Amino acid sequence: MNQFSMTINGSRVSTSSGYDVLNPSTGEVVGRAPLCSPQQLGAAVEAADRAYRTWRGDESVRRETLRAIAGIIREHAAELASLLSLEQGKPVTSFELGDATTEIEICAMYFDYYADLDLSPEIVPSDDGSRIAIHRRPLGVAALITPWNFPAYLSSWKVAPALLAGNTVVLKPSEFTPLTVLRMGQLFSQALPPGVFNVVAGDGSLGQLMTTHPLVRKISFTGSTVTGKKVAAAAAQDLKRVTLELGGNDPAIVLDDVDVDQIAPQIFNASFGNAGQVCTNIKRVYVHRSKYDEVVEALAELAKSVRVGDGHDPRTQLGPINNRPQFERVRDLVNDAKSSGARVAAGGSAIEGAGFFFQPTILANVSDGTRIVDEEQFGPALPIVSFDTEEEAVARANNSHYGLTASVWSSDSTRAASLLPQLESGTVWTNAHNRFPLDQPFAGQKWSGIGAENGRDGLLGYTQIQVTHEVHG
Ligand code: NDP
């Protein structure tokens with residue numbers, strides 16, 4: 001049995017208690033994760049607070065360190081991708097529908113990207129000869145809580161800008177997928193001073209302890225809206241700065257002039273990638289009535305042709321759902337749609353066996369008011385809804401507490417672009433979905449989040465303003 005340890009103050013820390021992390025493809029044990037005690041969490045936060053005094057000082061050291069971490073990730077990419085696939089379920093390689101190898105490569109890209117991002121002060125014009133500058137100073141200890149769909153990638157989104165800005169970090173990966181991030185903690189320690197980057201693991205109450213610790217000055221959380229609201233409430237007690245990325249019920253609107261053969265594979269990949277477990281994935285498709293049957297048919301054919309299986313089987317394109325609660329949620333939403341009269345155009349059932357496999361599912365003859373249309377399913381099941389007018393489609397797309405991403409599909413890109421300003425989502429595309437160049441900030445509207453990640457805006461979220469105003473007398 002492979003026992004994993006935490007990284008606290010630069011040292012590997014084991015615990016007498018722990019729990020088994022299961023492979024969602026087989027139910028077999030991948031490794032044993034530690035359970036961090038409140039005392040150990042306190043030690044991690046205090047170590048981060050001590051390390052902050054020095055780490056905040058030298059920006060060039062931080063940039064060099066981030067580059068070194070990118071190198072370490074690349075050096076250990078095969079090992080990390082294999083472990084990630086075992087505990088998360090995604091294929092080791094697949095590309096079109098998301099895979100562990102690409103996820104690890106992107107982690108290295110984020111560290112390189114932030115190592116080069118400019119953080120120089122902005123000079124404010126002055127008419128009396130004084131020098132006024134806006135600096136971006138670090139906040140202190142950052143508590144980062146990351147989910148199970150992209151354990152490595154979403155941790156790197158947070159860790160790289162937090163460290164570059166001069167903060168120190170205590171990171172807690174999801175209890176379902178802690179092992180890759182625990183291993184990253186050990187590997188990154190080769191490049192980092194003790195206490196700068198701490199990784200803890202546990203389940204039950206650790207997140208709440210992190211978000212209420214008085215030495216923590218910044219919280220960044222990715223996960224459900226229900227938990228995000230608790231995190232925001234905890235942060236408010238101490239006015240800790242907070243970034244929340246809380247998922248979405250992302251609509252795609254397909255207009256009456258589309259070339260169905262051209263758009264269907266793109267919509268399919270943007271919905272079923274990572275087995276549907278992506279906050280930005282297309283979760284509901286609104287199709288003009290004149291194209292409805294054709295789109296349903298094309299997506300159903302794609303769903304039937306996808307190879308679902310164990311992430312370590314090189315033929316696999318789509319892995320399992322990561323964990324039992326999520327598997328049961330997807331199954332319940334599909335069953336609810338079926339009992340409400342939905343037509344199953346593809347899939348529709350769990351796959352028998354030890355893993356949390358679910359057939360890629362296309363549901364037709366559904367509409368708003370059905371749970372799988374109104375709620376975030378976060379799994380490999382996609383409802384297709386018809387509409388008659390563009391105004392109606394936009395209104396129905398916006399009729400959600402979520403506001404993360406949306407897309408409009410049309411052969412006339414000007415026509416599609418004219419709808420974008422009307423969509424209440426933080427990122428909106430025409431004829432594409434899930435495109436995220438590194439410089440592009442990512443921010444949710446409404447209940448999809450607070451603040452931004454990625455790009456310069458993501459970096460600024462780990463800073464506070466200090467204005468220096470020098471009068472030369
Ligand atoms: P949650 O989003 O509810 O988050 C669980 C994490 O939050 C754990 O790390 C937990 O740690 C921590 N946590 C729980 N309570 C608190 C608290 N009061 N304060 C601080 N941290 C806390 O995860 P689930 O796995 O339950 O996912 C449920 C749903 O979330 C999914 O169905 C999906 O819709 C959505 N989701 C969205 C993602 C996204 O990318 N936006 C990613 C994954 C899921 P601990 O228990 O140790 O305290």
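Rings of Phe, Tyr and Trp, the last taken by its six-membered ring, make a pair if their centres lie within 6.5 Å. By that yardstick, this predicted model holds 15 aromatic pairs.

One of these brings together Y110 and Y153, whose ring centres sit 6.0 Å apart with the planes at 45°. Planes under 30 degrees apart would count as stacked and those over 60 as edge-to-face, so this pair goes down as tilted. Y110 belongs to helix α4 (residues 100-115) and Y153 to helix α5 (residues 151-165), so the contact ties together parts that are 43 residues apart in sequence. As for exposure, the cut-off for buried is under 20% relative accessible area. Y110, with a relative accessible area of 1%, is therefore buried, and Y153 is buried too, at 14%.

Another aromatic pair is made by Y113 and Y114. Here the geometry is edge-to-face, with 4.9 Å from centre to centre and 75° between the planes. Y113 counts as buried at 12% relative accessibility, while Y114 is buried with a relative accessible area of 0%. Zooming out a little, these four tyrosines turn up in one aromatic cluster, made of Y110, Y113, Y114, F150, Y153, W157, W429, F436 and F442.

Aromatic rings also meet charged side chains in this model. The charged end of K229 sits over the ring of W447, 3.3 Å from the ring centre. K218, for its part, lies over the face of Y462, and there the distance to the ring centre is 5.1 Å.

Turning to the strands, β5, β6 and β24 make up an open sheet, lined up in the order β5-β6-β24 and paired antiparallel. The edges are taken by β5 (122-124) and β24 (463-470); each has a single partner strand, so one side of each is left without a neighbour in the sheet. Neighbouring strands here are turned against each other by 30° on average, with direction ignored. Between β6 (residues 131-138) and β24, which run antiparallel, there are eight bridges. As for individual partners, R137 is matched through a bridge with Q464 of β24.

Terms used. Residues numbered from 1 in each chain as written. Predicted model: local features only at pLDDT ≥ 70, side-chain atom pairs only at ≥ 80, totals over all residues. Heavy atoms only, no water. Pairing = 2+ DSSP bridges. Helix = DSSP H or I, 4+ residues; strand = E, 2+ residues; numbered from the N terminus. Axes fitted to C-alpha atoms, helices over the stretch in contact; angles between N-to-C directions. Buried < 20%, exposed > 50% of the residue type's maximum accessible area, 1.4 Å probe, protein only. Lys NZ or Arg CZ within 6 Å of the ring centre and 35° of its normal.
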